[in-house]
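Trainee: Could you take one salt bridge in this model and walk me through it closely, then work outwards to the rest of the chain?

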Amino acid sequence: MPKQGHFAKSMRTKQLNDFKVKRNATGATIDDEQLTDFLVVRFALTAKKRVQSETRETVQRFLIEICDSLQENDGDLQAIIPNLLASLNARVPWQFYPEILGEWDLLQKFLQKELPAVPLEKRLRIKHPVTTQEMETLIAKLLAKKITAITFINQPGVDQNKKDQMVTMMLTTTYRDQRIEWEKVRLLLAPFKFEIAPELDEETKDWLKKLAENNNVDFRSASLVELNRYCRAVVEFLSPWLFLF
């Protein structure tokens, strides 16, 4: 399982000369616990400059989360990514997802190239990569669950079958032709303010605040007629369980 809480830390800013490389009979190696810092520095020196400037912090934080799980999962991204995304779902606003999705191909290629070159005693390489389409499907399912959980947050007595129906409806209406329709996601989550955990450090709070306020997503927008029809369908579906408090 992925480690929790790294979004509660400030971003790592170490430089290459911070690493203490030990010498042994097989040459220069780094300690296992230095893997994440090593890869983050390599990313900053190589691939980061190709990431859109407004998404660099998000992508780097996501990279840190992935790197912290590489050794315990033997580099298996099919084991890491689903669990990691599920653990992040309640800790990040929806705007986190289009940012990492748009840069996933670059990020995965970086890991495939750089991980085998990290001088660990036991070398690692990426196993079972996750395609961008698989990533988008995972995110779509998580967003459907996120919308459902937030919608019923003040109604703990709602039957689980109804929640499951809601998840299915949210998925089929926000994920069409294997693409997430971000405008629908925005409309559904707009009434609900993203709550930032008070125990986070200030740098992380500022990042999450800016992320939650970012509506400059490259929407694959549906027509206004389609959106209106969709919103009416959602209201009709929810009406039996929505009450005024």
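Mentor: Sure, start with Lys205 and Glu202, whose side chains meet in a salt bridge at 3.6 Å, N to O; the term means a side-chain nitrogen of Lys or Arg within 4 Å of a carboxyl oxygen of Asp or Glu. Keep in mind that this is a predicted model, where local features need pLDDT of at least 70 and side-chain atom pairs count only at pLDDT 80 or more, while totals for chains, interfaces and linings use all residues. Numbering starts from 1 along each chain as its sequence is written, and side-chain values use heavy atoms, with hydrogens and water left out.

Lys205 and Glu202 are three residues apart in helix H9, so about one helical turn separates them. (Helices are DSSP runs of H or I with at least four residues, strands are E runs of at least two, and both are numbered from the N terminus.) Glu202 is exposed, at 52% relative accessible area, whereas Lys205 is partly exposed at 21%. The cut-offs are under 20% for buried, over 50% for exposed and partly exposed in between, with a 1.4 Å probe and protein chains only. As for the chemistry, side chains of opposite charge can pair when their charged atoms come close.

The count comes to eight salt bridges, so let's put two others alongside, given the rule of a nitrogen within 4 Å of a carboxyl oxygen. Glu57 and Arg61 meet at 3.1 Å, N to O, and they sit four residues apart in helix H2 (residues 56-70), so again about one helical turn lies between them. Here Glu57 is partly exposed at 27%, but Arg61 counts as buried at 2%. Asp105 pairs with Lys109, with the closest N and O atoms 3.2 Å apart. Both lie in helix H5 (residues 104-114), four residues apart, about one turn of the helix, and Asp105 is partly exposed at 40%.

Back on helix H9, there's an aromatic side to the story. Aromatic pairs are rings of Phe, Tyr and Trp (its six-membered ring) with centres within 6.5 Å; planes under 30 degrees apart are stacked, over 60 edge-to-face and the rest tilted. The count comes to six aromatic pairs. In one of them, the rings of Phe96 and Trp207 have centres 6.4 Å apart and planes at 80°, so the pair is edge-to-face. This pair links distant parts of the chain, with Phe96 in helix H4 (residues 96-102) and Trp207 in helix H9 (residues 202-213), 111 residues apart. Both Phe96 and Trp207 are buried, and they join Phe62, Tyr97 and Trp104 in one aromatic cluster.

Phe62 and Tyr97 turn up again in the largest nonpolar core, which has 61 residues; they are among those with the most contacts inside it, together with Ile66, Leu70, Ile81 and Ile139. Such a core is a set of buried Ala, Val, Leu, Ile, Met, Phe, Trp, Tyr and Cys residues joined through side-chain atoms within 4.5 Å. Leaving out residues up to four places away in sequence, Ile139 touches Leu85, Tyr97, Ile100, Leu101, Ile180 and Trp182; contact means heavy atoms within 4.5 Å.

Zooming out, the chain has ten helices and four strands, and 47% of its 245 residues count as buried. Among contacts between residues at least 6 apart in sequence, 77% join residues at least 24 apart.
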